[in-house]
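Reader: I have a structure open and would like to learn how to read it. Where do we start?

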Amino acid sequence: MMVAASEILKPTGQKPAALTIDGLSLEFPTYAGAIKALDDVTIEIGASEIVGLVGESGCGKSVTTMAATRLLPEGRYRVTAGSIRLFGRDPFAMDETELQDVRGKLVSTIFQEPMSALNPTIRIGRQLVGVIQRHEAVSEAEAERTARGILKDMLIAEPERIMRAYPFELSGGMRQRVLIAMAFSCNPGLIIADEPTTALDVTVQAVILRLILDRAKRTGTSVVFISHNIAVVSQLCDRLYVMYAGRIVESGPTRAVLEAPQHPYTQALLRCLPERVEPKAELEAIPGTVPNLLDPPPGCFYRPRCPEANDQCFAKPPSMAPAPDHIVACWRRETIQPSIKASEATQ
Amino acid sequence: MTTAPLLNVEDLTVNFPIPGGWFGRATSHVHAVNKVDLTIRPGESLGIVGESGCGKSTLVQAIIGLVERSSGKVVIDGQDFHEARGRRKREIRQQMQIVFQDPQSSLDPRLPVWRLITEPLHVRGGMSKAALRARAAELAASVGLRPEHLDRRPYEFSGGQRQRIAVARAISTDPDLLILDEPTSALDVSVQAQIINLLLKLQRELGLAYLMISHDVSLVRHFCDRVAVMYLGQIVEAGPAVQVLDSPAHPYTRTLLATVPSLKHPLPELAATRVGELPNNRILPTGCYYRDRCSFAAAGCDRLQPLVEFGDRAGTVSMSPPDKAAWPRSVRCHRAQAGDI
């Protein structure tokens, strides 16, 4: 019954995976006890794959990728089980110099708030050139040429002017484009996009998503796309993982998961969307709240809110098992009908 | 349709001066809201959608008097809000309340819940502490908070619970109109559903009218009877929410809707999303405000576009200005009116 995620969801390419996280458990010690932020998280991002990580605030999406790039504050967290491989290397075995070589060159992160990710006192051009020269042995002029080219790729009409500007002189959408340019500037194998468009308007968001998608497809870059917005993930990602309270609850090809979700949580999440119901009709909310991760309940973490739960769900946390075309962590998966389908959702 | 409007906004304009000249004198203005007309009838919900910077927040803040209007009228229940003075102005003001986007910053962290909820009544005065507490308990129950919550402070609550507190505070003065400024955009979808259900329930029970600002088109389609689309401080299209959002007429509304993420369609191609940036609102464009970004721009677009009714009832019927915004469907584009698009 137990099937490793990687066996079902073998990435199609022959190249080694960009990121493999195997059974990672991670906690943050506090005076009140340890907050179990991640529990047995297994994720594989293949070469040239675009993968979504979906879930509500506090479910551990960002912690997962920040652990992989070792961006969590050192000494404030404990890895209690599992391993991480970033292009076959263990980030926890690297020293600071190695890490800095890896970040930006092999893997880049695009953060949600572009203003706080850019240095406010340095012109855009200098910041871009600095990143390029940190990782590539090129002359200043060469680096500037690369920077201009990549800004042009981001549909920035006057790269010269933007490079002379300070971050505060640009709009939010423009700043985010600069950050994407910076992330792609050293041709990394993996881009981690952590809610890159949440602070932006839909019109700007569509442009930003297109820019990320087109460039990633063209250069064969893998992308981990973190979002709470299922609609955005459905438009962008080949595959997705649904997270709840620090665990993966369902994963598989985007269409398979969203057309026939098996986990009650994924189903409920889709039913909450106003897109699917008659105007003014009652929306289905998920009763209760997420469990306290200082003292999580026994068994399945979703059990206290789950209409399908029985004694088995109490006894033991469910492990990942196959469902049609994808995998799901639910004891009741055989009795639960995939009650909502994307085809219904389009009514 | 014959009920008297609850809120009537006529020709509302807000300009912010930009100091820069000698002694800080204004050299130019930001034209945030440009001659907006709108009407809300009792018990009705109107949604306002548009990109950031289109003036939707300034518009509602001018309506309730949080920012100074430059010209125009706000009439609520037949009374001119900006002309009223003193006690009468306060009374009119209490018929409109607002729920802000971020319950983290809109609730005083030092006050217990019962004081937060009854703050507007406390300001109005004339109620004893015991009466305020009793009223707080009623209000808390109506938004789904439990009695034991009354003595807690905001930091002890989740985002959804905090937004319930903000709603309870807004309905404490028995207002007729609630202004909702992105009430759920700081919340997760499962919590958003709870708050939206609560607001719909309160509307049924109390006959509240809502004016909701949102960038979430599917939420507006679900929640609102009518919708107005704003661009550069103007309403460019208005009408019944389902009609406008399912078959938009104005080129801007079309672009906006094409870029809304949805489970129903794939990510639009770059060509469809290249709308450029919002033009500078210090110098208003001549003619149609959307002309420079519009792919349908043609001869005649250099004339200023009026908001005109179109569809079945289009024609020469002259209506008095207060009825202007109550028209079933209107659009500010001569090509859409002519059926060219």
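Author: We will take strands, helices, cysteines, salt bridges and the interface in turn. One caution: this is a predicted model.

Reader: Start with strands. How many bridges join strand 1 of chain B to strand 2 of chain B, and which way do the two run?

Author: The general idea is this. In a regular strand the side chains alternate between the two faces of the sheet. Now the case here. Strand 1 of chain B covers residues 7-19, and strand 2 of chain B covers residues 26-40. Ten bridges join them, and they run antiparallel. To find the register, look at V14(B), which stands opposite V33(B) in strand 2 of chain B.

Reader: What sits between the strands of that hairpin?

Author: Six residues. In this hairpin F23(B) takes a positive phi, near 55 degrees.

Reader: Now helices. How does the reach of helix 5 of chain A stand against the expected span?

Author: Count residues, then check the end-to-end distance between C-alphas. Helix 5 of chain A, residues 124-135, has twelve residues. From first C-alpha to last it reaches 17 Å, close to the 16 Å expected at 1.5 Å a residue. Try helix 8 of chain B, residues 189-206, in the same way. With 18 residues, that helix reaches 25 Å, close to the expected 26 Å.

Reader: What follows helix 8 of chain B?

Author: G207(B) does, and its phi is positive, near 65 degrees.

Reader: Which residues of these helices are buried?

Author: In helix 5 of chain A they are I124(A), G125(A), Q127(A), L128(A), V129(A), I132(A) and H135(A). Their cover includes helix 3 (96-102), helix 6 (140-153), helix 7 (159-164) and helix 8 (172-184) of chain A. In helix 8 of chain B the buried residues include V189(B), A193(B), I196(B), L199(B) and L200(B). Polar side chains appear in that list too, among them S190(B), Q192(B), N197(B) and Q203(B).

Reader: What about loops? Is Q95(B) buried or exposed?

Author: Q95(B) lies in the loop between helix 2 (86-93) and strand 6 (96-99) of chain B. Its relative accessible area is 17%, so it counts as buried, the cut-off being under 20%. Leaving out residues up to four places away in sequence, Q95(B) touches I76(B), D77(B), Q79(B), P175(B), D176(B) and L177(B).

Reader: Next, cysteines. How many disulfides are there over all chains?

Author: A disulfide is a covalent bond between the sulfur atoms of two cysteines. Here the count over all chains is zero. Take C237(A): the nearest cysteine sulfur, that of C59(A), is 14 Å away. C237(A) is buried, at 7% relative accessibility. C224(B) is in no disulfide either, and the nearest cysteine sulfur, that of C54(B), is 15 Å away. C224(B) is also buried, with a relative accessible area of 5%.

Reader: How many salt bridges does the structure hold?

Author: There are 34 over all chains. Check the N to O distance, then ask how exposed each partner is. R89(A) forms a salt bridge with E98(A), with the closest N and O atoms 3.2 Å apart. R89(A) is partly exposed at 35% relative accessibility. E98(A) is partly exposed as well, at 31%.

Reader: Which salt bridges link distant parts of a chain?

Author: One is E284(A) with R271(A), at 2.8 Å between the closest N and O atoms. E284(A) lies in the loop between helix 12 (264-271) and helix 13 (311-315) of chain A, while R271(A) is in helix 12, 13 residues apart. E284(A) is partly exposed, at 43%. Another is D151(B) with R133(B), at 2.9 Å, N to O. D151(B) is in the loop between helix 6 (129-142) and helix 7 (159-170) of chain B, and R133(B) is in helix 6, 18 residues apart. Both count as partly exposed: D151(B) at 46%, R133(B) at 31%. There is a network to look at too. Salt bridges with shared partners join D153(A), R215(A) and R218(A).

Reader: Last, the interface. How many residues does the contact take from each chain?

Author: Chain B gives 38 residues and chain A gives 45. The buried area is about 3,700 Å², with 59% from carbon and sulfur atoms. On the chain B side, H222(B), L263(B) and L267(B) lose the most area to chain A, together 22% of what that side buries.

Reader: How many salt bridges cross the interface of chain B and chain A?

Author: Two. For one that joins the chains, look at E269(B) and R210(A), whose closest N and O atoms are 3.2 Å apart.

How values were computed. Residues are numbered from 1 along each chain as its sequence is written. Chains are lettered from A and ligands numbered from 1 in the order in which they are written. This is a predicted model: local features need pLDDT of at least 70, side-chain atom pairs count only at pLDDT 80 or more; totals for chains, interfaces and linings use all residues. Side-chain values use heavy atoms; hydrogens and water are left out. Two strands pair if DSSP finds at least two bridges between them. Helices (H or I, at least four residues) and strands (E, at least two) are DSSP runs, numbered from the N terminus. Buried means under 20% relative accessible area, exposed over 50%, partly exposed in between (1.4 Å probe, protein chains only). Contact means heavy atoms within 4.5 Å. A disulfide is a pair of cysteine sulfur atoms within 2.5 Å. The expected span of a helix is 1.5 Å times one less than its number of residues. Buried area is the accessible area (1.4 Å probe) that two parts lose on being put together, summed over both. A salt bridge is a side-chain nitrogen of Lys or Arg within 4 Å of a carboxyl oxygen of Asp or Glu.
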